[in-house]
Protein chains: 4
Amino acid sequence: MQTERSQSPKPPRREREKQRQRQEILATALTLFSEKGYHNVSMHEIAANAEFAIGTLYKFFQNKEDLYKTLVLEQCDLFDQAFAKVLDAPGDEVVKLRDYVRVKGAMFREHMAFIRLFMAESRGASFNINAGLDASVRQRYYDFLKRFAAVFENGMAKNRFKRIADPFDLAVAMDSVVNSFLLMWIDDPRKHPFPEDPDKILKLFFDGILASR
Amino acid sequence: MQTERSQSPKPPRREREKQRQRQEILATALTLFSEKGYHNVSMHEIAANAEFAIGTLYKFFQNKEDLYKTLVLEQCDLFDQAFAKVLDAPGDEVVKLRDYVRVKGAMFREHMAFIRLFMAESRGASFNINAGLDASVRQRYYDFLKRFAAVFENGMAKNRFKRIADPFDLAVAMDSVVNSFLLMWIDDPRKHPFPEDPDKILKLFFDGILASR
Amino acid sequence: MQTERSQSPKPPRREREKQRQRQEILATALTLFSEKGYHNVSMHEIAANAEFAIGTLYKFFQNKEDLYKTLVLEQCDLFDQAFAKVLDAPGDEVVKLRDYVRVKGAMFREHMAFIRLFMAESRGASFNINAGLDASVRQRYYDFLKRFAAVFENGMAKNRFKRIADPFDLAVAMDSVVNSFLLMWIDDPRKHPFPEDPDKILKLFFDGILASR
Amino acid sequence: MQTERSQSPKPPRREREKQRQRQEILATALTLFSEKGYHNVSMHEIAANAEFAIGTLYKFFQNKEDLYKTLVLEQCDLFDQAFAKVLDAPGDEVVKLRDYVRVKGAMFREHMAFIRLFMAESRGASFNINAGLDASVRQRYYDFLKRFAAVFENGMAKNRFKRIADPFDLAVAMDSVVNSFLLMWIDDPRKHPFPEDPDKILKLFFDGILASR
DNA sequence: GATGAATGAGGTTTCATTCAT
DNA sequence: AATGAATGAAACCTCATTCAT
């Protein structure tokens, strides 16, 4: 309802202002949620930090859960879009993998708050506040994995990659490894420095470890 | 003075009974926590499901957080012990990796409730209820990774593996991939069947994917 | 930023209304505490009697103890001010003593509920809920006694009183006697009627009881 | 019921042992109550400190309140007896007053824990746990005051004292002054040293303070 | 439209008391 | 007779949400 804007009487300036406020609330909530966890942040706290009245929050979002879900989904969109730009463009598959690792690293750096929040609350099965959220978030992730798998599929078709495994499995594997290294970095940037060189990770898959007998 | 009687000081039956009750509470709590998340389960709910009075729970655990931490740490011990048995025994490194994947799969199967709980609440950085928990659990995981890395280190020393990467990084990578496949299975056992054959996963690292030009 | 509007910043009517509510809560709490004692009155009971929701109480006072301390300190202020008016004014010392007894009687009459509460919970050493309260309340009483002693000191300087004892001791003695008579009256107004005539008490100190041999 | 001992079957040793336990419980309770206040001491705490099982306490006392009342009444008896010995003996009235002050001081010294408890919980009107207690404790105090008043009455009859006031009022006054000095001493023994010399207090009443004009 | 005072359900925890052993 | 495990009512307090202004 609040996103319709084809009506003429509402001046677009009002509308833009509203969107700005909405984003401000979401940004504040993201920061707080990621610092203290969903259940340890009250709506009052969000309102106070965003410098709005508590009632105003309920003008934008039906309830706390709605605010949370919106927040997560919008952030997911950002990630999806960034990855799509890399993966869907034409080009060499090895370059794509390298770019993907680089872009994912950049996104983690830029959106650390969200990563923390996401990792803390949204993993696992269908429960928690995520009840309804998981369904869609999970689906989106699988959709992403399919597109990521296409890179391997194409690479194999072009004989750039060997067919050592199912492309989807390769996608799962490589993404989980990238995530692990990035999470370790977030966890303790000193002990586990940011993997500047994408190839450090890629090599784990490019060269097999098994010595020939 | 007043507890010493003619009975053997601490009747072992009483003690065993107490342990049984304790385990019952922990089991009930694990189920509920894993289904609904820490914050969505009340102590009353646990008491009712375990068929104890609420006060009895507080005889065993100082408070809700203590119950939760105990729960997680006891489960972690189980996993640690199972993995230690596989990794610390002498033997061929490739066999060890294969056994590790097999045992981890079996543990995930047997302790699904805990896996769900753990994935849902314990990831992420140091906040949430996990505040104090994270510190130790995280450390334990890194300790495990080091022992896992030793397998690769030894394998390299024996020329069983090629030195394509740092052993610790290899440990991180392989474990994250195993986890990913197991989590996908937990998530939707139909779409992502349980990886019966450990080699399916191992091959991802054994053979490189990069085709020689 | 969000609280500044076109209205005068803090509408005085709102503010006055708030103060009225606050006083209502304090008055209700005073009555209940004095009737049943601090530990035998629940916050729900106060809320119900004051016809507020329980949450509203916590808008005004951080917790039960805060409510109690506020209550006691505000009442103490009333007494301090009333006594200060009598003792600090210039004038004959005998008149001052007479006025003090009269005013104290009037205050006891008017604030019986508080007297009961104070006598019941605040005497004794430094423990109980009074932990922190005692410190200051006790100090205030000693401060008062010093000002009361000054009356005797001045009277002695003017040769209105004989130097039969330390002025501070005289202050302690006279005040305790006045309190005793007033407490007996509160205890059972029929058996121990209100000491209308201050001189009845003063005479106990004015004339010695020892017959000359 | 437990104090009857005319029956023959119960060996007196058992009976004596029981009494010893009872006293142990009461002594422990007195210490704890006086340190932390009635409501801040749990039955478990008393049981643990007295080294009895919680059930044993309920063999001796119907409930917590019963334990408290018994405690207070037994201590009151001690005081009553000590004062009676001084006041009811024949002798000069001035000596009696002096002895009374001395004995009261000694009793306060010896039974500080009880004094603290009594002052903290038992003053004030008829409420609190004292509900039933006050009735009798208060009556006992008035009975005492009457006996104390008799000293003044007798002294007046013998022309030892002047009839400057009602003997009962004199009793009230003198006792409240003695109490005040003793309480100040308990409160802060350094600032308000123990009034070693009874005459310091008696003089306040023996000599009038009013200077003859 | 925005505000924030007011609400009250529901959370965690304590502790007096009972009763099977 | 003594024990102490078990009970559950009831305490304090938080916070998502509503609605009169």
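Let's start at a spot between two chains: Asp169(D) touches Phe181(C) and Lys200(C), leaving aside residues up to four places away in sequence, where a contact means heavy atoms within 4.5 Å. Asp169(D) sits in helix H8 (residues 167-187) of chain D; helices here (H or I, at least four residues) and strands (E, at least two) are DSSP runs, numbered from the N terminus. With a relative accessibility of 11%, Asp169(D) counts as buried. The cut-offs are under 20% relative accessible area for buried, over 50% for exposed, and partly exposed in between, using a 1.4 Å probe and protein chains only.

Before going on, a word on what you're looking at. This is a predicted model, so local features need pLDDT of at least 70 and side-chain atom pairs count only at pLDDT 80 or more, while totals for chains, interfaces and linings use all residues. Residues are numbered from 1 along each chain as its sequence is written, chains are lettered from A and ligands numbered from 1 in the order in which they are written, and side-chain values use heavy atoms, with hydrogens and water left out.

Chain A gives a feel for the fold. Chain A has 9 helices and 0 strands, and buried residues make up 51% of its 213 residues. Take the contacts in chain A between residues at least 6 apart in sequence: 63% of them join residues at least 24 apart. The accessible surface of chain A is about 10500 Å², and carbon and sulfur atoms hold 52% of it; these areas come from the Shrake-Rupley method with a 1.4 Å probe, and for residues only the protein chains shown count as cover.

Now to the DNA. There are 32 residues around strand E, and the ones that come nearest are Thr56(A), Met43(B), Gln21(C), Thr56(C) and Met43(D). A residue counts as near a strand if one of its heavy atoms lies within 4 Å of it. On the DNA side, 59% of the strand E atoms within 4 Å of the protein belong to sugar or phosphate, and the rest to bases. Helix H3 (54-60) of chains A, B, C and D, along with helix H2 (43-50) of chains B and D, each supply at least two residues of the surface near strand E. H3(C) gives the most, with 4 residues. By class, this surface has 13 nonpolar, 15 polar and 4 charged residues. Here Ala, Val, Leu, Ile, Met, Phe, Trp, Tyr, Cys and Pro count as nonpolar, Asp, Glu, Lys and Arg as charged, and the others, Gly among them, as polar.

Zoom in on the polar contacts, meaning pairs of N or O atoms within 3.5 Å (within protein, one must be able to donate a hydrogen and the other to accept it, and residues adjacent in sequence count only if both atoms are side-chain atoms). A polar side-chain atom of Tyr58(B) lies 2.8 Å from a phosphate oxygen of DNA strand E, and a polar side-chain atom of Lys64(B) also lies 2.8 Å from a phosphate oxygen of that strand. Gly55(C) goes for a base instead: one of its backbone N or O atoms is 3.4 Å from a base nitrogen of strand E.

Over on DNA strand F, 33 residues surround the strand, with Met43(A), Gln21(B), Thr56(B), Lys64(C) and Thr56(D) the closest. Sugar and phosphate account for 60% of the strand F atoms that come within 4 Å of the protein. The surface near strand F has 13 nonpolar, 15 polar and 5 charged residues. Among the contacts, a polar side-chain atom of Gln21(B) lies 2.7 Å from a phosphate oxygen of strand F, and a polar backbone atom of Met43(C) is 2.9 Å from a phosphate oxygen of that strand. A backbone N or O atom of Gly55(B) lies 3.4 Å from a base nitrogen of strand F.

Finally, a few local details. Helix H5 (residues 93-110) of chain D has 18 residues and reaches 25 Å from its first C-alpha to its last, close to the 26 Å expected at 1.5 Å a residue, the expected span being 1.5 Å times one less than the number of residues. At the start of H5(D), a side-chain oxygen of Asp92(D) reaches to within 3.0 Å of the backbone nitrogen of Val94(D). Asn159(A), in the loop between helix H7 (131-157) and helix H8 (167-187) of chain A, has a phi near 60 degrees, a positive value in a residue other than glycine.
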